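Got a new model on the screen and want to practise reading it? Here is a short back-and-forth between a learner and a teacher.

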Amino acid sequence: MSTQPKSVAVTIQRGAPGVEGHTETFDVPYREGMSVLDAVVWIRTNVDSSIAFRYSCVNANACKECMVSVNGKTEYACTARLSTESTTVGPLTNKTLIRDLVTDIVPPKENLRAILAARDGG
Amino acid sequence: MIHLETDVLVVGAGGAGMYAAIAAARNDADVILADKSMISRGGATIMAQMTTAAALGEQEPDSWEKHLNDTLDAGRGLCNEELSGILCREAVDRIHEMDDWKVGWARKDGKITGVMAPGHSVPRCVYVDFLNTGPAVAKCLRTQVARANSVMRVSGLAINDIVVDDGIVVGAVGWNIEDQTPVTIAAKAVVLAAGGLTRLYARNSASVNMNGDAYAMALRAGADLIDMEFPQFFPIGHLAPRLVGMDPIMWDPFRYKLGGRLFNAEGKEFLHRYGGEDAEKYTTTRDIISYGITKENEAGRTTENGGVHLSFQHIPEEQLRNAFGPVIDKLASNGIDLTKRTIEVSPIAHYHMGGIRVNEQMETSVPGLYGAGEAVGGANGANRLSGNAIPEAFVFGERAGRFAAGYANGRKQGWSDMGAEEHLDRLDALTGRQTDANGELSALGEMWAELQTLMWDKVGVLRTEVKLMAALARIREMRPELEAITPTNDAEFNLTLQDWYDLRSALLTAESVALAAINRTESRGAHQREDYEEIDPAQSHNQRLQLDRNGSLVSDYLSVGRAA
């Protein structure tokens, strides 16, 4: 039987448009079966609440808002199990970055700036 | 700054908010539908797995009056009978309307299928297979709301304060989360459909947006709350082993369809000790099961994780698969084989019976302010019947939208810069400072964690005056502590600013729950006091909470609304 680590390293890509991005690595207490979402929520609660991250439904995979890049692969943070080795979480690369892990996944018809631009332009 | 104008502003875009927007639009109103998360994605509706109660009477004879009797029985004498009656009567219309919109209710031989749920006298809980009710309903309403030309849908718009001028609602103030721009909205009527308060508790089953916004905004606008002592604890929330990609209340539909058995850590059935029924009968109501499990825990008869065992091991695999096909695969990917093992369950904060006090038109005591869905109190009394939350969202949402449109039509905008000023000044002060959370990047996260633990331990399933008083005292200290915390100065998607406003709502809501729970010196429904273990017929009244002129919470009692 493999022994479980007490904690694991989770690296978060941070940045905003026009600002040079950087990564920060956090030591997150490990619990068997935990998700990447659990890890990001733990970091926001206990170390740095300023990380931008989009989620709503907490591990049920119902809201579909928490899609991010986990070790380079597109995944829902709520269903991706946290690796017992190391994990890097970043924003989706095919969407416009808003900040940190948040990208522009809101349909233009529901985005206030886009609605106003369409109204004023049309 | 962005300024918008509309007839009806709907705050919250779950089931109730979307239905309100649809109803307001078809009653000739222009609508802004705003959600701090994304339209139809946040809130509680999308989390619903199965049960939607409505007396359709397609399978076997049923009537809304029977549904009403069951609702009133579950409510332990505190339901507003007018509101409960509207809920049960109009649930049928809403379910049929959504059927016309092709939501996909499960059918057998052409008839919409209903299952039996605890507290119901007739099988009447309709659903969409498999455990897909919430997502299907959310998608159906999202499509309808998108077809309504007069509805502007805005995701990522946080509404923090209702603007009241001369005692009348004139709009609201908020901010665009994506870029932190202040937003003012002139509106003739506002519908609060921002859901419940489950996030106040450490163990909770709803989305992260359910932090008491609707209650706090209503109080600050001058409206009343009732029955705030009655958050509902769903008894058999998933506890262990770790499960991802599933709602923790998923075992409820399993029990509807398959029965299942509950055992304590000693392998013994225990519900009979608390007035419930054991074996495979799933008849015991939520308040009694939550109470029983919590008592077993106190007696040291729960698992290491603090839960009890739920077993489906006696049910053949084929039967499991017929009932829940794709879900059985999801469980397998979580390493759970129900034929081989039990799972551990324990109570989890799930719903709030209390809320904004409204009349049959969903109007609050403040002209122009309406409530809908879980944000509203009264229809479910001291304990909600399984399956009544989703129809409540539809029925009250539809009514709130319809009556708000009726109120708004023909009225002039009454926007007041003066009324909005204090709200804009606060936002400006919070976003203008150039410090990072007073140097403590986790200050807001830690306050959230502290509040959730405090509420769970001291304002949870089993209460005492000592615990409640300690909670109330601490919550009252935390309110000024929050005022001293500064969000970070990030301009884009600033969750610390959102945390700050969320906590502002949560602390006022938490204080409401604790105060109301102290005042109710009896045990009734979801409110269980260890120092007052019996129901007290003299307390068969509703408790009303308001803010007085100094901003302090005050309570008094109202007689229960009876049907005319």
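The dialogue below goes through the model one feature at a time.

Q: What should I know about the model and its numbering before I start?
A: This is a predicted model, where local features need pLDDT of at least 70, side-chain atom pairs count only at pLDDT 80 or more, and totals for chains, interfaces and linings use all residues. Residues are numbered from 1 along each chain as its sequence is written, and chains are lettered from A and ligands numbered from 1 in the order in which they are written.

Q: Let's begin with chain A: how many helices and strands does chain A have?
A: Helices (H or I, at least four residues) and strands (E, at least two) are DSSP runs, numbered from the N terminus. Chain A has two helices and seven strands, and from the N terminus on they run β-β-α-β-β-β-β-β-α. Taken along the principal axes, the C-alpha atoms of chain A fill a box of roughly 65 × 35 × 25 Å.

Q: What percentage of chain A is made up of buried residues?
A: Count the other C-beta atoms, placed from the backbone, within 10 Å of a residue's own: 20 or more is buried, 12 or fewer is exposed, and in between is partly exposed. In chain A, buried residues make up 43% of the 122 residues.

Q: How many residues do chain B and chain A each put into their contact?
A: Two residues are in contact if their C-beta atoms, placed from the backbone, lie within 7 Å. Chain B gives 41 residues and chain A gives 38 residues. On the side of chain B that touches chain A, α4, β7 (151-155), α11 (443-458) and α13 each supply at least two residues. The largest share of that side, five residues, comes from α11(B). For classes, Ala, Val, Leu, Ile, Met, Phe, Trp, Tyr, Cys and Pro count as nonpolar, Asp, Glu, Lys and Arg as charged, and the others, Gly among them, as polar. By class, the side of chain B that touches chain A has 19 nonpolar, 13 polar and nine charged residues.

Q: Now for helix pairs: at what angle do helix α5 and helix α13 of chain B cross?
A: Two packed helices are described by the angle between their axes and the distance between the axes. Axes here are lines fitted to C-alpha atoms, for helices over the stretch in contact, and angles run from 0 to 180 degrees between N-to-C directions. The axes of α5 (residues 213-221) and α13 (residues 495-519) of chain B come within 8 Å and cross at roughly 80°. Angles under 35 degrees count as roughly parallel, over 145 as roughly antiparallel, 65 to 115 as roughly perpendicular and the rest as oblique. α5(B) and α13(B) are therefore roughly perpendicular to each other. On the α5(B) side you'll find B:D213, B:Y215, B:A216 and B:L219, which meet B:R504, B:S505, B:L508, B:T509 and B:S512 in α13(B). That contact has four nonpolar, three polar and two charged residues.

Q: How far apart are the end C-alpha atoms of helix α9 of chain B?
A: The expected span of a helix is 1.5 Å times one less than its number of residues. The 20 residues of α9(B) (residues 389-408) should span 28 Å, and the end C-alpha atoms are 27 Å apart, which agrees. Helix α9(B) is also mostly covered, with 19 of its 20 residues buried. After it comes B:G410, whose phi is positive, near 90°.

Q: Is B:C125 buried or exposed?
A: B:C125 is buried, since 25 other C-beta atoms lie within 10 Å. This residue is in strand β6 (residues 125-126) of chain B. B:C125 and B:T51 are 74 residues apart in sequence, but their C-alpha atoms are 5.0 Å apart in space. Leaving aside neighbours within four places in sequence, the contacts of B:C125 include B:T51, B:H120 and B:S386.

Q: Which backbone oddities should I look up in chain B?
A: Try the cis peptide bonds. One runs from B:D129 to B:F130, with omega near -20°, and B:F130 is in the loop between β6 and α4 (133-147) of chain B. Another joins B:A240 and B:P241, with omega about -5°.

Then check phi. B:D109 has a positive phi of about 50° although it is not a glycine, and B:D109 is exposed, with 7 other C-beta atoms within 10 Å. B:D166 is not a glycine either, yet has a positive phi of about 55°; with 9 C-beta neighbours inside 10 Å, B:D166 counts as exposed.
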